[in-house]
Number of protein chains: 2
Amino acid sequence: MFRIGEFSKIAQVSGRLLRYYDALGLFKPTRIDLDTGYRYYSAKQLPELNRILALKELGLTLDQIARLIAGHIATDEIRGMLVMKKAEIEQTLREELTRIHYIESRINQIDDEGQLQDYEVVLKSVPVQRLIAAREPSTTLSACRTLVQEIGRFLPARIGGKALSHFAMIFHSDLWDSDGLDVELGFLLNSNLNSDMDMELALPNGKMMRVQELPAVETMATTMHLGIPESGHRSYAVLGRWAEANGYHFVSPSREIFIQPPYSSAEDEMVVEIQLPVKKTPEQD
Amino acid sequence: MFRIGEFSKIAQVSGRLLRYYDALGLFKPTRIDLDTGYRYYSAKQLPELNRILALKELGLTLDQIARLIAGHIATDEIRGMLVMKKAEIEQTLREELTRIHYIESRINQIDDEGQLQDYEVVLKSVPVQRLIAAREPSTTLSACRTLVQEIGRFLPARIGGKALSHFAMIFHSDLWDSDGLDVELGFLLNSNLNSDMDMELALPNGKMMRVQELPAVETMATTMHLGIPESGHRSYAVLGRWAEANGYHFVSPSREIFIQPPYSSAEDEMVVEIQLPVKKTPEQD
DNA sequence: ACTTGACCTTGACGTGACGGCAATGTTGTA
DNA sequence: TACAACATTGCCGTCACGTCAAGGTCAAGT
C-alpha cells in the first residue's frame with residue numbers, strides 16, 4: 001500500500017490527477033482511511049491506471065474511458081469509437097497541413113515585403129441564395145453604375161425592404177472586357193420568403209428582373225473593398241496575390257455584394273464584398 | 001451602422017463572439033448608445049474583424065492578436081511567432097501521425113481477436129539513475145531468486161531504507177540462456193544522496209556490490225507484471241506483440257523494477273515493472 | 001512532550017474561447 | 001398599445017487538470 005505521493009511517483013502522474021480520477025469515479029484507491037481521508041493505493045492497481053492513461057493517449061475522453069472500463073460498451077462500439085477518432089485526427093491533420101502552408105506563405109510575405117498584409121482575404125462557403133436581378137449581357141462599367149443606382153432606389157420602394165437583403169452584382173464574363181461585360185444586377189432575397197418562385201418585375205427602363213437561384217459555392221475567396229468603386233482593382237489584386245501564394249485558382253462567376261451600397265450613402269463610404277470562387281491548384285511540391 | 005445581429009450575420013460570426021471581443025478590448029463597435037448600451041458596428045470594420053479572424057486561424061491566441069493589432073510588436077517578432085507556431089503545428093502533426101498508427105494497430109487487434117488487450121504497455125523515458133548492485137555474469141533464474149531474497153533483506157537493514165528506492169534487476173545477456181544469465185541485482189538509489197559515489201559493500205556471501213550509474217533511456221516500453229515470477233514470460237510476450245504491432249524493436253539491456261518485491265510479501269502478491277528499451281523500426285510502408 | 005518538515009486533505013479558482021441561458025430593457029411595426 | 005424580434009449584462013459550463021490556500025496527519029529527532 002502506497003500513499004498518494006509515492007504511488008504518483010511510481011506511476012509518473014500527478015497526485016492531483018489521482019484525486020481527480022477518484023472524484024470522477026474513474027480510478028479509486030483500494031482503501032481510504034475513514035479517519036484521515038488518506039488515499040491508499042496498491043501496486044496491483046498500476047495496470048488499471050496504465051490502461052486508463054493509454055486510452056487517454058488514444059484520444060478518448062475520460063467520460064468515454066469511464067464507460068469503457070465499466071464494461072458498458074461492446075467491442076463493436078469501441079471499434080466504432082476508434083475509427084471515428086482516427087477519422088477525426090486525420091481531419092485535423094489535413095487542416096494543420098493547410099495551416100502550415102498558410103503560415104509559410106505569411107512568413108514569406110513578411111520576408112519579401114517587411115510587413116503583414118493581405119489579411120483581409122477570407123475563405124468562406126456560401127449556400128444557395130435566391131436573387132432578383134436583371135442581366136446585361138453586354139455593358140460597360142459606367143452603365144452598370146447608373147443601373148446600380150436605379151435598381152437600388154427603385155426595388156426597395158417597390159417590393160419593400162424586408163424581403164431584400166444586399167445588393168449584388170454577378171460577373172458572368174470570364175475575361176475582363178471593359179465594354180463587353182456580362183453582368184447581372186439585383187438584390188439577394190431573404191430566405192424566409194419562399195413564395196413567388198418565378199416572379200418577374202419590370203424596371204422603369206423596361207428591363208426585366210427575374211427571381212432565380214444563385215448556386216452554392218464551397219470555397220469562396222472574399223475580401224472587403226472600402227471606398228470608391230474606382231479603387232476596386234486593388235482588392236482584386238489582393239485576391240490575385242493571395243491565390244497565387246496559397247495555391248488557389250479562380251473558377252466560376254465572381255460576385256460583388258454591396259454591404260454599404262453607393263446609392264444609400266456617399267460613394268467613398270461604399271463597402272463591397274468581392275467574392276471569387278476558388279479551387280485548390282493541384283499541388284506540385 | 002448595423003446593430004450587432006445584422007453585423008454578425010454579415011460577418012458570419014456569433015453575436016456572442018462580438019460581445020466577447022468587445023469585452024476583451026480586441027474589437028470594439030464604432031459607437032455604443034449611452035442610453036441603451038446597444039452596440040453599433042460599421043461595415044468599414046469588417047476588414048479589421050477579418051484580420052482578427054485570419055490571425056486566429058493562423059493559430060495565434062487572442063492575446064497575441066490584441067498586441068499585434070495594437071502595433072506593439074515588430075515584424076520580426078511576428079515572424080518569430082509564426083515560425084514558432086509552425087514548428088508547434090509540425091510537432092503536433094507528428095504526434096498525431098503516431099497516434100493514428102497507434103489507433104490503427106488497436107483497430108486491427110480488435111478485428112483479430114475480438115477484444116481489447118495489451119493496454120498495459122506504456123512508453124516512458126527514464127532518466128539516469130544510480131544503482132547499487134552485484135553482477136552475476138553467469139547464473140540461473142533460481143539462483144537469482146534466492147539472491148533477490150538475500151539482498152532484499154540484507155541491504156535495507158545495512159544501509160537504512162531511506163537511501164534505497166526499488167529493487168531492480170538488469171539483464172545484460174542479449175539472448176536468453178536459461179543457465180547462462182548475465183544479470184545485475186541491487187537497489188536503485190534515491191537521488192537526493194549525491195555522496196558516496198564509489199561505495200563498495202560486501203554481502204554476507206562475499207559478493208561485492210558497487211554503486212554505479214544506470215544510463216538514461218529515451219524510450220522504454222514498460223509493462224506491469226503481477227503475481228508469481230513464473231508467469232513473467234506472459235508479460236514479455238505482451239511486450240513482444242506490442243513491439244511488433246507498433247513497429248518497435250528491442251535494443252539494450254532490459255530491466256525489472258520490483259515495485260512490490262517478493263521478499264516483503266507473498267510471491268503471488270509481487271508487482272514488477274518490466275522495462276525494455278526500444279527503438280522505432282525503420283518504416284517500410 | 002514538543003517541534004519540525006514532509007505529506008495529506010478538501011475546496012476554490014484559473015485556464016481559452018467562447019456557447020447557452022435567464023432576467024430584463026429597446027425597437028419597430030400593426 | 002401590444003407584440004415579436006431584437007438587445008443588454010451576467011453567470012454558469014465546457015475539458016482535464018494546475019495551482020494555490022487553509023488546515024489536518026505522520027514519522028523522526030530533540
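**Interface and symmetry of a two-chain model**

In chain A, 100% of the interface residues are also interface residues in chain B, so the copies meet through the same surface. This is a predicted model: local features need pLDDT of at least 70, side-chain atom pairs count only at pLDDT 80 or more, and totals for chains, interfaces and linings use all residues. Residues are numbered from 1 along each chain as its sequence is written, and chains are lettered from A and ligands numbered from 1 in the order in which they are written.

Reader: Which element gives the most residues to the side of chain A that touches chain B?

Author: The contact takes 45 residues from chain A and 45 residues from chain B, two residues being in contact if their C-beta atoms, placed from the backbone, lie within 7 Å. Elements giving two or more residues to the chain A side include helix H3 (46–57) and strand S12 (254–260); helices (H or I, at least four residues) and strands (E, at least two) are DSSP runs, numbered from the N terminus. The most, 20 residues, come from H5(A).

Reader: Which C-alpha of chain A is nearest the axis?

Author: A turn of 180 degrees and a shift of 0.0 Å along the axis lay chain A on chain B with an RMSD of 0.2 Å, after least-squares superposition on the C-alpha atoms of residues with pLDDT of at least 70 in both. The two copies are thus related as by a two-fold rotation axis. At 3.0 Å from the axis, the nearest C-alpha in chain A is that of Leu93(A).
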